[in-house]
Amino acid sequence: MAEVEDRGQEFEGKDYTRDGTVDLKGRPVLRSKTGRWRACSFIVGYEIFERLAYMGVQASLVIYLTRKFHEGTVTASNNVTNWAGTAWMTPILGAYIADAYLGRYWTFVLGTAIYLLGMILLTLAVSVPALRPPSCSTTQDCAKASSFQVGIFYLALYIIAIGNGGTKPNLSTMGAEQFDDFEPKERKQKLSYFNWWVFGVFFGFLLSETFLVYIQDTVGWSLGYGLPTAGLVIAVLLFLVGTPFYRHKLPSGSPFTKIAKVFVAAMRKWKVPFPNDPKELHELSMVEYANSGKLRIDHTNALRFFDKAAIKSGSNSSWNLCPVSQVEETKQIIKLLPVLLATFIPSIISAQVNTLFIKQGTTLDRSMGPNFDIPPACLTAFATIFMLTSLVIYDRCFLPTVRRYSQNPRGITMLQRFGIGFVLHIIIATTACLVERKRLSIAREHNIFSKNQTVPLSVFILLPQFALTGIADAFLEVAKQEFFYDQAPEGMKSLGTSFFTTSKGAGSFLSSILLRTVSDATKRNGQKGWILDNLNVSHLDYYYGFLAVLAFLNLLFFLVVSKFFVYNAEVEKSEMDLAQE
């Protein structure tokens with residue numbers, strides 16, 4: 001206790017942060033000289049250029065694979081989603097390393113170095129004659145790329161995916177930690193942070209989906225991939241310049257080990273009866289928590305089985321006896337899993353934007369005037385434009401209006417925002433189904449059945465499904481980022497943030513599995529199949545209708561999950577305090 005009092009006297013009268021943040025050397029930081037939007041400007045700036053680089057690769061990847069490697073529709077689409085799935089799943093490893101060992105800053109720096117290496121190799125793979133596929137026009141038989149050339153290209157892609165694992169779960173979390181929850185003004189600013197974080201992400205997407213995609217389609221792949229590599233270099237330099245202003249949280253140990261200890265301890269004592277008073281459960285003193293810089297979490301009655309890990313029975317080994325706060329941390333992670341599961345189907349639908357939606361666009365009339373054709377991958381810019389517009393309207397118009405009636409600083413709850421996004425994904429799949437039926441009917445009317453024939457229908461008929469995707473992202477993608485960060489325990493924030501990327505990664509992998517399964521299943525018994533290399537004789541409308549049914553069933557599942565979900569007590573208190581101020 002004397003040590004705590006000494007620390008209090010040392011910091012008395014100084015404007016230090018109260019949330020446990022420190023500088024890179026582990027020293028307490030002054031609120032006035034660090035953090036807030038000043039620090040976040042460097043972080044969001046990095047994200048704009050980094051997302052420009054990432055989407056500069058992903059947006060045209062399905063086009064590159066079909067044109068240069070001559071892969072079929074299903075194969076190319078699955079290779080894109082498998083790579084994207086890996087890029088979104090590796091953040092689980094990055095979160096583990098950050099929380100357990102290196103901290104977010106150094107894990108991020110390591111991930112960025114790997115990421116940059118992958119981008120440089122990818123640029124070389126499309127530029128150096130010995131590494132790139134042989135040149136060929138669309139009217140002649142094309143020589144296939146060698147196994148070495150294919151291997152180098154995919155090696156570069158998966159190095160990028162590994163690097164993304166170090167950056168993605170840590171940067172957004174680090175940005176949120178620039179606001180001190182114990183300071184009311186900063187706590188209010190934090191409520192808008194994820195809106196503007198996602199705005200930066202999609203602004204980077206917009207630059208790549210317009211300018212970079214046009215360069216790749218009309219000038220060449222060497223410059224088209226060289227520019228995003230240069231953009232990533234700028235991003236890294238921008239982030240490093242902001243280093244003196246960042247606040248940091250110290251690593252708090254492996255989250256997986258903590259969770260495993262609670263599981264093992266609870267299983268060992270599954271026959272031991274609960275004490276009559278929860279206060280009899282094992283817990284550390286406030287002084288011990290203060291000295292370690294960790295927060296104490298009060299006992300809750302949710303998932304009571306895991307309380308057995310804190311029952312004082314048997315040895316005091318950490319694998320047999322866990323403090324209440326550690327048990328509550330485990331509970332908080334476990335209750336996120338059903339919500340995470342509910343996000344997989346919408347992520348499957350989102351995965352179609354960079355694969356099948358673009359392939360649809362290649363079959364349509366893309367001309368804008370006599371001398372300009374819209375590059376197929378530019379179509380994703382429509383989703384980004386509507387997303388950015390929706391986000392600004394949400395933050396500046398919708399949010400202030402709804403706050404007056406709901407008395408909730410967020411306007412609507414995070415789960416309500418999820419629900420709106422889920423409904424919109426049903427509408428997206430239904431709209432895509434109806435648009436594809438129209439495209440196929442026009443193709444039949446004009447006897448267009450060849451793979452390379454263009455359907456006399458403007459590419460802008462796809463605008464509704466891209467626009468709805470952007471609006472849905474303004475609700476669901478922001479909600480996922482905020483929810484998984486906010487509801488994760490204090491010592492497992494990187495792990496919680498990685499649930500957002502896990503949602504995207506699982507959706508990408510499931511999209512590959514679903515696409516291949518549906519393609520193979522619908523070819524049985526002599527049938528043509530729904531998804532062929534020639535979209536003019538395929539039935540993508542059936543596939544989109546199937547996704548709409550899955551999205552509807554998923555919404556019902558989410559409604560059940562949300563009915564029983566209980567927000568963390570800290571969040572409820574925070575919102576009540578803000579509403580009263």
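Guide: A salt bridge here is a side-chain nitrogen of Lys or Arg within 4 Å of a carboxyl oxygen of Asp or Glu. Keep in mind that this is a predicted model.

Visitor: Thanks! How many salt bridges does the structure hold?

Guide: It holds 23 salt bridges. One of them is between the side chains of R31 and E186, at 3.3 Å from N to O. That pair links distant parts of the chain, 155 residues apart: R31 sits in the loop between α1 and α2, and E186 in helix α7.

Visitor: Is R31 buried or exposed?

Guide: R31 is buried, because its relative accessibility is 9% and the cut-off for buried is under 20%. E186 is buried too, with a relative accessible area of 1%.

Visitor: Which other pair could I look at around helix α5?

Guide: Try E177 and R104, whose side chains meet in a salt bridge at 2.4 Å, N to O. E177 is in the loop between α6 and α7, while R104 is in helix α5, 73 residues apart. Both E177 and R104 are buried.

Visitor: And what about E436 and R439?

Guide: Their side chains form a salt bridge at 2.8 Å, N to O. E436 and R439 are separated by about one helical turn because they are three residues apart in helix α16.

Visitor: Switching topic: where is T107?

Guide: T107 is in helix α5, which covers residues 91-127. T107 is buried, at 3% relative accessible area.

Visitor: What does the side chain of T107 reach?

Guide: It reaches the backbone oxygen of G103 at 2.7 Å. Leaving aside residues up to four places away in sequence, T107 touches several others, including I97, L102 and N170.

Notes: Residues numbered from 1 in each chain as written. Predicted model: local features only at pLDDT ≥ 70, side-chain atom pairs only at ≥ 80, totals over all residues. Heavy atoms only, no water. Helix = DSSP H or I, 4+ residues; strand = E, 2+ residues; numbered from the N terminus. Buried < 20%, exposed > 50% of the residue type's maximum accessible area, 1.4 Å probe, protein only. Polar contact = N/O pair within 3.5 Å; in protein donor to acceptor, adjacent residues only side chain to side chain. Contact = heavy atoms within 4.5 Å.
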